[in-house]
Amino acid sequence: MSAPSSTINALQQKIWTGSLPLEIRLAASDCRTYDESDAYLIQTPRLSYLAFLLPRLHAFFAASLINPDVSAHEAWLDFEGVPLKWHYPLGLLYDLYSGVEPVHLPAPRRRTEDVGSSNIAQAGNTGIEPQPWRLTIHYSDFPGDQLIQLDGEGRAMQDSFINAVKEADFIRNGTARAVMSLSKQDSDQLWKSVQSHNLDLFNSVNTKLLHPPGTELRHVPLKLYLPTTSTTDPSATDSIPEETKAAGHIRVVQSLVPVQLASKQPQTLGTALNSVLPTIFPSRRNPLLAQPVLHGAAVPMGANLADLGRAAGYLDGFLHVAVVMLG
Amino acid sequence: MSLTRPEFLSAARTLTARWQTLPACEQGDWEDVRWFGNDAEETSFLRITRVVPTTTSNDERTREGDDEDNEVDGAGDHDHEDSDSSAIEPPDPLALPRHKSSTTPGARDLSTITGYSNLDGTRIHCDITHSPTYQVPVLYLTFPSPAYPLANEKQKHSPLPPAESVFDLLVPGPYQAQLRNPSAGPTNLPALSLTGAHPGTDGPAYFLHPCRTQEGMERLLAVDLGGEEEGLRYLGLWMGLVGPGVGLGMPMGMFADGRGRTG
């Protein structure tokens with residue numbers, strides 16, 4: 001049974017207010033003073049992208065730069081040596097790399113509360129003060145083999161976002177017509193809402209994408225992120241070239257996940273994980289070897305996947321779930 | 001029309017085996033064809049390594065009627081405004097790749113990318129994956145670093161050349177507007193865009209967006225090649241659909257006479 005719209009909306013609102021404290025320092029190799037420069041502290045929405053911070057970071061660090069002529073978009077950020085991908089939302093990067101234990105939600109009182117707002121509200125009251133996530137900003141030695149190069153007009157970010165929105169649309173409806181038929185004004189507003197983190201503006205367009213006339217939801221856009229080592233299976237025909245696998249390499253797993261099981265029962269996160277990654281999730285009900293982490297929380301395996309998609313999708317329409325191994 | 005993953009895997013194996021039996025003179029500008037990874041993993045892919053020879057495409061573009069003087073700021077507009085039928089029709093699926101034309105004296109050389117080319121030309125990895133979302137093949141383009149000292153420090157860390165250089169190197173004039181902005185016309189040619197997510201390497205790559213591939217393939221599959229393995233037939237036609245925009249096509253001989261070849 002689907003959760004009521006009010007519950008979905010309340011959860012979406014809570015997720016939109018989720019944010020992370022960041023402490024960003026300039027790399028010593030780019031700093032013209034012997035002592036390191038001051039840190040830039042900012043609270044940033046989990047759903048947002050690090051690239052949007054670059055103009056203000058550049059303004060803050062410009063006076064400390066060895067090369068004062070470098071542009072804002074030439075910067076890149078890392079966490080403990082792992083370059084942070086521009087096209088991953090901040091919350092996903094944090095869930096993948098920070099090493100911080102996800103919040104565990106209390107057992108639901110009723111099944112329909114699996115994705116209910118009360119759980120998230122309680123999860124936010126754990127009493128643990130979040131520590132800032134310490135990142136480093138660089139203006140040289142760009143890791144072009146791992147990151148896309150940004151541009152001054154933000155085209156690379158916008159293209160990347162729109163490509164993901166199209167893919168999510170195709171997964172939901174079997175065609176990307178809902179995105180392709182958006183008016184120019186709607187497309188611009190969608191991107192503007194992402195840049196300005198404006199939920200009302202976002203929903204005014206996103207509703208058209210989630211509920212295009214004459215279509216029925218087929219699949220739920222879901223991407224699973226698994227940390228990997230740089231070693232490859234020796235039985236492979238030809239290993240994927242090692243030089244392409246750097247620190248923080250992530251394996252992204254996707255599959256078309258129907259909203260209903262063959263038995264007509266609703267698909268849950270647990271049934272989906274069991275079907276896509278059966279060796280990592282041998283049980284449909286319990287996370288035995290690994291846990292699915294979304295927006296900093298270990299998501300209940302029994303969560304209705306369609307509801308989760310509506311309430312807890314990232315801005316591009318995908319559920320970006322980090323798979324964190326247990327033990 | 002879609003292509004299942006088992007069909008894709010089988011076709012990729014057949015294509016690799018068949019190419020390896022071709023005499024060198026029939027292998028076109030493909031330098032190597034290889035499968036990377038395990039079949040079971042969605043990160044596996046077929047890599048076709050091409051070498052685009054030095055000084056190739058500019059004279060061809062001139063023949064196709066592009067105005068050289070307006071190329072930098074006017075090529076896109078020119079094609080967009082024209083919207084002639086040849087620009088919006090799907091490319092001939094059986095067309096041979098356009099390359100290795102003779103050098104025009106004095107022509108501007110657009111066929112090398114500083115720091116990515118050597119005397120042979122520019123080496124390009126055409127990586128073909130199977131999209132679990134779109135259920136079609138997807139073409140990713142990367143540019144391996146050349147094995148000689150790099151032109152400057154910045155390029156050492158930037159394996160991908162800038163988009164303008166890639167367009168100049170690979171995309172013939174008539175296709176430029178469409179590959180930059182597919183909404184410029186009702187075409188099945190996909191947009192050439194940058195992604196940070198090559199499924200096999202998790203790194204940046206150029207790719208041809210697959211959102212309209214199924215529609216295009218539906219039209220092309222009306223062509224009857226007869227006798228070919230279904231998946232390979234699909235892959236050959238798919239290359240005819242998306243390949244011309246970036247100069248990728250099947251070498252002569254792959255379909256000309258399949259008899260007696262392995263696969």
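Which residues of α1(A) are buried? They are I8(A), L11(A) and I15(A). Buried here has a set meaning: 20 or more other C-beta atoms lie within 10 Å of the residue's own. The three do not point in all directions. Viewed down the axis of α1(A), the buried residues fall within an arc of 70°, so they line one face of the helix. The other side of α1(A) has S5(A) and S6(A), which are exposed.

All of this is read from a predicted model.

Now take the length of the same helix. Helix α1 covers residues 5-17 of chain A, 13 residues in total. At 1.5 Å a residue, α1(A) should span 18 Å. The C-alpha atoms at its ends are 18 Å apart, so the expected and computed spans agree.

Next comes the sheet. It is open and has five strands. Their order in chain A is β2-β1-β6-β3-β4, and the pairing is mixed. At the edges stand β2 (40-45) and β4 of chain A, each of which pairs on one side only.

Follow β3 outward to both of its partners. Strand β3 of chain A holds residues 76-79, and strand β6 of chain A holds residues 133-138. These two strands are antiparallel and share three bridges. D78(A) has T136(A) of β6(A) as its bridge partner. The other partner is strand β4 of chain A, residues 82-83. Two bridges join β4 to β3(A), and the two strands run antiparallel. Here F79(A) has V82(A) of β4(A) as its bridge partner.

The turn of this hairpin deserves a look. Two residues sit between β3(A) and β4(A). E80(A) takes a positive phi near 50° in this hairpin.

A helix also meets the sheet. Helix α3 of chain A, residues 90-97, lies across β1 (19-26), β2, β3, β4 and β6 of chain A. Its direction makes an angle of about 80° with β1(A).

Last, move further along the chain. UniProt, in an unreviewed entry, lists residues 155-211 of chain A as "domain: Autophagy protein ATG5 alpha-helical bundle region". In the model, residues 155-211 of chain A are 84% helix and 0% strand. The end C-alpha atoms of this stretch are 28 Å apart.

Technical notes:
Residues numbered from 1 in each chain as written. Chains lettered and ligands numbered in written order. Predicted model: local features only at pLDDT ≥ 70, side-chain atom pairs only at ≥ 80, totals over all residues. Helix = DSSP H or I, 4+ residues; strand = E, 2+ residues; numbered from the N terminus. Expected span 1.5 Å × (residues − 1). Buried ≥ 20, exposed ≤ 12 C-beta atoms within 10 Å, placed from the backbone. Arc of directions from axis to C-beta. Pairing = 2+ DSSP bridges. Contact = placed C-beta atoms within 7 Å. Axes fitted to C-alpha atoms, helices over the stretch in contact; angles between N-to-C directions. UniProt positions renumbered as here; feature names shortened; annotations may be inferred.
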